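Open the model in a viewer and keep the sequence panel visible. The stops below each give a selection to make and a note on what is found there.

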Amino acid sequence: MLLLEQYRSLARYNQLMNRKLYGHAQKLDDAEQKRDRGAFFGSLYATLNHLLLADRIWLVRFTGDASHGSRDASGAPIRVTGLTQVLYEDFDVMRVERERTDAALVAFVDLLDEAKLLAPFAYESLAGAPQSHVLWWALGHLFN
């Protein structure tokens, strides 16, 4: 039971910290958000984009539900081509999508039980290579 509560806490903490981070980021104008600051992904905006993209990739893997993936303004699925792919050019759109993704992550974790956390979890990497380990490991990677 402790393992399950840990991941439920991490999902909610992740949601809270993303809200705080986006709240601070919204105080910057578009040029400042997208200015290269020498971070791994360059700008603050690109870093936030990468986190959203990666979380959605994992969420689709966890749930098997493609509706958790990214969609464009018309509602069509966005095909992921790489981990630096920009999903949304507009910060306000990205913020709404971050909220939607965090809510889906919390809902997914809330439906888990200990047996599911300890069960084998198989998926394909973006390169198509088969991967397998227990679910709790993948959740730890996501929240880390």
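Start by selecting Gln33, which is buried, with a relative accessible area of 3%. The model is a predicted one. Gln33 is found in helix H2, residues 30-33. Show what surrounds Gln33: apart from neighbours within four places in sequence, Gln33 is in contact with Ala25, Gln26, Leu28, Ser43, Leu44, Tyr45 and Phe91.

**Stop 2: H1 against H4**

Select helix H1 (residues 2-25) and helix H4 (residues 91-110) and draw their axes, which come within 9 Å and cross at roughly 170 degrees. That angle makes H1 roughly antiparallel to H4, because angles over 145 degrees count as roughly antiparallel. Now display the side chains of the contact. From H1, take Leu4, Tyr7, Arg8, Ala11, Arg12, Asn14, Gln15, Asn18, Arg19, Tyr22, Gly23 and Ala25. The H4 side of the contact consists of Phe91, Met94, Arg95, Arg98, Glu99, Asp102, Ala103, Leu105, Val106, Val109 and Asp110. Colour the contact of H1 with H4 by class and it shows 11 nonpolar, 4 polar and 8 charged residues.

Two residues named in earlier selections are worth keeping on screen: Ala25 and Phe91 are among the residues in contact with Gln33, and Ala25 of H1 and Phe91 of H4 also take part in the contact of these helices.

**Stop 3: salt bridges around Arg98**

Which residues meet Arg98 in a salt bridge? Select Asp55 for one of them: the side chains of Asp55 and Arg98 meet at 2.6 Å, N to O. Asp55 lies in helix H3 (residues 44-63) and Arg98 in helix H4, so this pair ties together parts that are 43 residues apart in sequence. Asp55 and Arg98 are both buried.

Then select Asp102, whose side chain meets that of Arg98 in a salt bridge of 2.7 Å, N to O. Arg98 and Asp102 both lie in H4, 4 residues apart, which is about one turn of the helix. Like Arg98, Asp102 is buried. Elsewhere, select Asp30, Lys34 and Glu89, which are joined into one network by salt bridges that share partners. A search of the whole structure finds 11 salt bridges.

**Stop 4: Arg100 and Glu97**

Stay on H4 and select Arg100 with Glu97, whose side chains meet in a salt bridge of 2.9 Å, N to O. Arg100 and Glu97 are 3 residues apart in H4, and about one helical turn separates them. Buried or partly exposed: which applies to Arg100, and which to Glu97? Arg100 is partly exposed, its relative accessible area being 35%. Glu97 is buried, its relative accessible area being 15%, because buried means under 20%.

**Stop 5: Ala103**

Select Ala103, also found in helix H4. Ala103 is partly exposed at a relative accessible area of 39%. Draw a distance from its C-alpha atom to that of Gly69: Ala103 and Gly69 are 13 Å apart in space and 34 residues apart in sequence.

**Stop 6: His50 in H3**

Move to helix H3 and select His50. His50 is buried, with a relative accessible area of 14%. Not counting residues up to four places away in sequence, His50 touches Phe41 and Leu83.

**Stop 7: the buried face of H6**

Select helix H6 (residues 135-143) and display Leu135, Ala138, Leu139, Leu142 and Phe143, which are buried. Turn the view to look down the axis of H6: its buried residues fall within an arc of 130 degrees, so they line one face of the helix. What covers the buried residues of H6? Among the elements to switch on are H1, H3, H4, helix H5 (114-118), E1 and E2.

**Stop 8: Ser125**

Finish on Ser125, in the loop between strand E1 (120-124) and strand E2 (130-134). Ser125 counts as partly exposed, with 22% relative accessibility. Leaving aside neighbours within four places in sequence, Ser125 is in contact with Arg61 and Gln131. For a last distance, pick the C-alpha atoms of Ser125 and Ala104: these residues are 21 apart along the chain, and the atoms are separated by 21 Å.

Terms used:
Residues are numbered from 1 along each chain as its sequence is written. This is a predicted model: local features need pLDDT of at least 70, side-chain atom pairs count only at pLDDT 80 or more; totals for chains, interfaces and linings use all residues. Side-chain values use heavy atoms; hydrogens and water are left out. Axes are lines fitted to C-alpha atoms, for helices over the stretch in contact, and angles run from 0 to 180 degrees between N-to-C directions. Helices (H or I, at least four residues) and strands (E, at least two) are DSSP runs, numbered from the N terminus. Angles under 35 degrees count as roughly parallel, over 145 as roughly antiparallel, 65 to 115 as roughly perpendicular and the rest as oblique. Contact means heavy atoms within 4.5 Å. Ala, Val, Leu, Ile, Met, Phe, Trp, Tyr, Cys and Pro count as nonpolar, Asp, Glu, Lys and Arg as charged, and the others, Gly among them, as polar. A salt bridge is a side-chain nitrogen of Lys or Arg within 4 Å of a carboxyl oxygen of Asp or Glu. Buried means under 20% relative accessible area, exposed over 50%, partly exposed in between (1.4 Å probe, protein chains only). The arc is that of the directions from the helix axis to the C-beta atoms.
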